[in-house]
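Work through the exercises below with the sequence and the model open beside you. Each task is followed by a solution that proceeds step by step.

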Number of protein chains: 4
Amino acid sequence: MLRIAVIGAGRIGKVHAATVAAHPQAQLVLVCDPIEDAAKALAEPHGARTSADANDAFTSDDVDAVVIGSPTPLHAEHVLAATRAGKAVLCEKPVASSVEAARQLAAELATFEHPPVMVGFQRRYDPSIAKAQRLAAEGRVGRVEQLTIVSRDPAPPSAEYLAQSGGVFKDMVIHDFDEARFFLGDIVSVTSIGQKLDPALASVDDFDGAVTMLKAASGAVAVIKNTRHCATGYDQKVEVFGSEGEVVAENLRATSIQVNDANGSAQQEVYLDFFLERYADAYRDELTAFIDAVNNGTPVTPTVEDGVAALVLAEAAERSARTGTTVEVQL
Amino acid sequence: MLRIAVIGAGRIGKVHAATVAAHPQAQLVLVCDPIEDAAKALAEPHGARTSADANDAFTSDDVDAVVIGSPTPLHAEHVLAATRAGKAVLCEKPVASSVEAARQLAAELATFEHPPVMVGFQRRYDPSIAKAQRLAAEGRVGRVEQLTIVSRDPAPPSAEYLAQSGGVFKDMVIHDFDEARFFLGDIVSVTSIGQKLDPALASVDDFDGAVTMLKAASGAVAVIKNTRHCATGYDQKVEVFGSEGEVVAENLRATSIQVNDANGSAQQEVYLDFFLERYADAYRDELTAFIDAVNNGTPVTPTVEDGVAALVLAEAAERSARTGTTVEVQL
Amino acid sequence: MLRIAVIGAGRIGKVHAATVAAHPQAQLVLVCDPIEDAAKALAEPHGARTSADANDAFTSDDVDAVVIGSPTPLHAEHVLAATRAGKAVLCEKPVASSVEAARQLAAELATFEHPPVMVGFQRRYDPSIAKAQRLAAEGRVGRVEQLTIVSRDPAPPSAEYLAQSGGVFKDMVIHDFDEARFFLGDIVSVTSIGQKLDPALASVDDFDGAVTMLKAASGAVAVIKNTRHCATGYDQKVEVFGSEGEVVAENLRATSIQVNDANGSAQQEVYLDFFLERYADAYRDELTAFIDAVNNGTPVTPTVEDGVAALVLAEAAERSARTGTTVEVQL
Amino acid sequence: MLRIAVIGAGRIGKVHAATVAAHPQAQLVLVCDPIEDAAKALAEPHGARTSADANDAFTSDDVDAVVIGSPTPLHAEHVLAATRAGKAVLCEKPVASSVEAARQLAAELATFEHPPVMVGFQRRYDPSIAKAQRLAAEGRVGRVEQLTIVSRDPAPPSAEYLAQSGGVFKDMVIHDFDEARFFLGDIVSVTSIGQKLDPALASVDDFDGAVTMLKAASGAVAVIKNTRHCATGYDQKVEVFGSEGEVVAENLRATSIQVNDANGSAQQEVYLDFFLERYADAYRDELTAFIDAVNNGTPVTPTVEDGVAALVLAEAAERSARTGTTVEVQL
């Protein structure tokens, strides 16, 4: 049993605490959050203790590993403190607030021996996305030529959330950047068109829609389509087109019900909504891989370097969308 | 060019006249119907002449073949008259009003040399159904074990039509009986449950729904599900289950449009509706096969014997539904 | 926490032990099986104890409820012993080996006050099937007219299993009989055609395929299609056709992957296979309903009477298939 | 009956000749092509005459309208000659070899009264695409925000064809540019990444793949994904995403056959292949609209101006792909 502390009792912390508690090889021992009521709500049903101070996670002897779901500006600091204390780390995305901070984190981690550090791009562990990637990697569709990622949230977060989110590219599209790299490897240029779609978000200085093209070193091109709203729910789809065919990971729904009536034929379920439901299996399999890495020394993926790369793409996309030019990237 | 007369300007005559007129190897020369206005409506747009007397079709020298769409009680008489006049015949189902009359027709046809006589079970020529049968016959699903035919009309015909229809089994299910034989060959027993579903048809002495099981000589079992109404349109589907898999011919729709919205995901088109649209390609390919038989001597299918067999099953099903027993059949 | 003993460590016992252990409101305390190694394999990972004697489940003070997964001939005896000891019971299907034994059990249970007894027809709790039933019950498809249940096992069980299974109708189709009653209520007649499909099972005195028609008191008709093998996996589908439309609960698959290539477009996953995977959510929700019944006195469904009714249909179907006649049933 | 001459007996001329001949309101009277055997092959089955000289189409009194399918460099000249002779014109895309030539044509046409001139972007008349556009225009998906057009040929044309094609953007993607304008109206900028995918085409100075982003004046963004090859056939799909939902026009197939077997479930038909089959209904409905415009004065769509606009986008995309920059366009 890997004894795990979760730092942060917000919406992503909730996901991780539940995933840890339900995992047969993990035990939730501690939840840290300055708002202790939030920490208690996650910890008590599973017999875990709480603390208002994240440092308790690093100093407690009964903690083997730390899942970091604190606010983004604290990620790098928490990763360093945990690894210095000899704890394995699973850190939520983005691994730092900026490329600069992420690169500095990577550089510092390179200076000492430490347990595994994994970055929480859970989609790499989604059974459908993972299978699509495996099929593509095995050559099932020949030479991979064009990749399309659809990534739409069911509804925008609150204005407060948006104000501190770091912008749509670092907050939301970053998952898609990692996913593009998961399928295509190195990216050499980014062109993004940002959109202001929702009149209710007109005053927020951020885009709530974006279409982005990535050119890969391989010659393949990726398209990412994002919106902060989607009437049909949490739209998460990927299409990998190659010289011999195409693999598509379609959206998931809660039931297989279809209704045929005078209006036609319908799957009358929206897409699984929201990331907790949609990626429940992904979070579980991500945790399994993390536990394997800690226990058995299997390689960690995605790494801090993957986290840096996704941030590089996010900052490049932001620049492209703001300036209307294509931005070349070097990883 | 095969010069063709169509007898009967009712709804099925309309289908045949249009099919003949549009066929590159056929020419519509005559439409016969006692209601000459109806005949004219079909004939004139294509430059064909009309007659109130079906005999004109048999005696005209410029007629090579006759498509018989007259009322069922006249079918046998018209087939005989046409073949005696040396005309090839494509006769609508059922080939006669009763098994007895159909057997007598077959016996008389056996007494003289005559041009091809084909029976109008057009589904054998529907591209999807024909492909399903071909795949099954080629062994694509292994040993064929269970067959399911769904056959539902979009809405019941008028009370007048129903009164003279000969009953749902001879009028409607007869297509399904032929289709079952198309896939499974000889049938040895019939069990049918008739249903009175539509309150508006309560006073008609006929069923407006039926579920029928057929046992084939091969050991396979067919299920036929019928209703005289269907909210989603003309429901025409067949599933062939075998030891190695299943082939399904799904319903068709007018467009490929799908709408994803807050209610889920829908193909917002009902099934192609009605037989004119759904089986337009089938009628065309049926006519092509008929023309081939006439011009090149290719074998006719389905034959008058197939027409007899379908009637045998229809009468057996009627008996089964009326008595609540299983009826064994001998063809 | 409801403290639960599982009797029987065979394949269904395995399902229940895992479901209980994972349930947030249940605790697995005891697994009983004469083969104690089998019991240990299920109990030890969850810290539960084992016994070779089922009576330990009835006499232990720390057991609140018993899940009975013993061989069918022991079901009735175990249900009685458990309820007499004041334990709540969730009993696997069939509730007894015969209608006679099941009726006797029901009669004895009626003679004393006892905790809830629930019968394990888990499909009533499958999210898709349950939603289909709810939609139908709410009138979403109007008057329910025709029901189709497809129920195919991926591959036949061993010859030994088949020899003691009680026959395909009591062993396998009994789930479909309960499902038909779940959708249609009382059934008045049964007609079944049994099939001997698999040459490898030729010597077993049992059918390995069946097509069954049920007539409901409401006038609706159900068709059940069964085979002991299915190339595409565990085929579990239900279609509810009514005057205003149709609800279908389609098969489920492990991923949403679709591949488009030179052969067409494919969902390259077989159906979720086998009942453990397919009905994992159903077993969980069944257990939740059972716990609710025990803790809060909510009504139990399905009841022992439902278990009797399913057995009545199973015996009637067996008779029908053996004699070739329609069998009327009275519940 | 509109009496029509077809100029050009190549592959697109073949489509038009067949469409005209089969249309109930049109008559094919003349096919012009310098290779008279090619012209005869199209004309004779329909009783039309032939000429090696396109001028015969303009000077013949029995020609009401001309369908221009000559090589692109001749389009503008033929349109002018035909309209000056008082013939209505349906001209294949692109309407001229360059924006400059197209603008000059438009300017000359503006100097005199002439019968309708329609440009052959037949997709506007495809039943599925037309319905998607109508639904979007009616507000079915709210504010239109993101459009995706997938347009892939089943296999590249010959090297000779490619050499004189004018480049993939004018030859192939031009249909997609018109389609984007059909859905989104005015376009303000174009960013395109050209791809060299097929090793066999390495020596051709043209792209055989492209991903293009268009920014519309409305704020919506379109993505166009092109390849000169597609294993699954002629991939023609459009997705219109809006604030209230999404409309998708899916690919079409020849039959509705689905096969379920040990590999999963497949529609074992590739997409309808090639434009003749896929757009047969579109060519027919395009011709109907053209005939309506000639006979009844209904407005022509798409116009020569639409033809100019598509060329502007094609040249901008070529520039963008060659230079790696975003190109702003003014129509």
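A polar contact is a pair of N or O atoms within 3.5 Å, where within protein one atom must be able to donate a hydrogen and the other to accept it, and where residues adjacent in sequence count only if both atoms are side-chain atoms. This is a predicted model, in which local features need pLDDT of at least 70 and side-chain atom pairs count only at pLDDT 80 or more, while totals for chains, interfaces and linings use all residues. Residues are numbered from 1 along each chain as its sequence is written, chains are lettered from A and ligands numbered from 1 in the order in which they are written, and side-chain values use heavy atoms, with hydrogens and water left out.

**Exercise 1.** Describe the interface between chain D and chain A, starting from its extent.

Step 1. Taking contact as heavy atoms within 4.5 Å, 37 residues of chain D touch 37 residues of chain A.

Step 2. The buried area (the accessible area, with a 1.4 Å probe, that two parts lose on being put together, summed over both) is about 2,800 Å², and carbon and sulfur atoms give 55% of it. On the side of chain D, the residues that lose the most area to chain A are D:Gln146, D:Ile193 and D:Met213, together 22% of what that side buries.

Step 3. Between these chains there are 19 residue pairs in polar contact, both residues being at pLDDT 80 or more. The side of chain D that touches chain A divides into 13 nonpolar, 13 polar and eleven charged residues (Ala, Val, Leu, Ile, Met, Phe, Trp, Tyr, Cys and Pro count as nonpolar, Asp, Glu, Lys and Arg as charged, and the others, Gly among them, as polar).

**Exercise 2.** Find the salt bridges between chain D and chain A, and then look at a pair that joins chains B and C.

Step 1. With a side-chain nitrogen of Lys or Arg required within 4 Å of a carboxyl oxygen of Asp or Glu, the count between chain D and chain A is two. One salt bridge joins A:Glu239 to D:Lys225, at 3.1 Å from N to O.

Step 2. B:Glu239 and C:Lys225 also form a salt bridge, with their closest N and O atoms 3.1 Å apart. Over all chains, the structure holds 94 salt bridges.

**Exercise 3.** How do H4(D) and H5(D) lie relative to each other?

Step 1. Helix H4 (residues 75-84) and helix H5 (residues 99-109) of chain D pack at an angle of about 10°, their axes being 10 Å apart. Helices here are DSSP runs (H or I, at least four residues), numbered from the N terminus, and axes are lines fitted to C-alpha atoms over the stretch in contact, with angles running from 0 to 180 degrees between N-to-C directions.

Step 2. Because angles under 35 degrees count as roughly parallel, H4(D) and H5(D) are roughly parallel to each other.

How values were computed. Helix = DSSP H or I, 4+ residues; strand = E, 2+ residues; numbered from the N terminus. Parallel < 35°, antiparallel > 145°, perpendicular 65-115°, else oblique.
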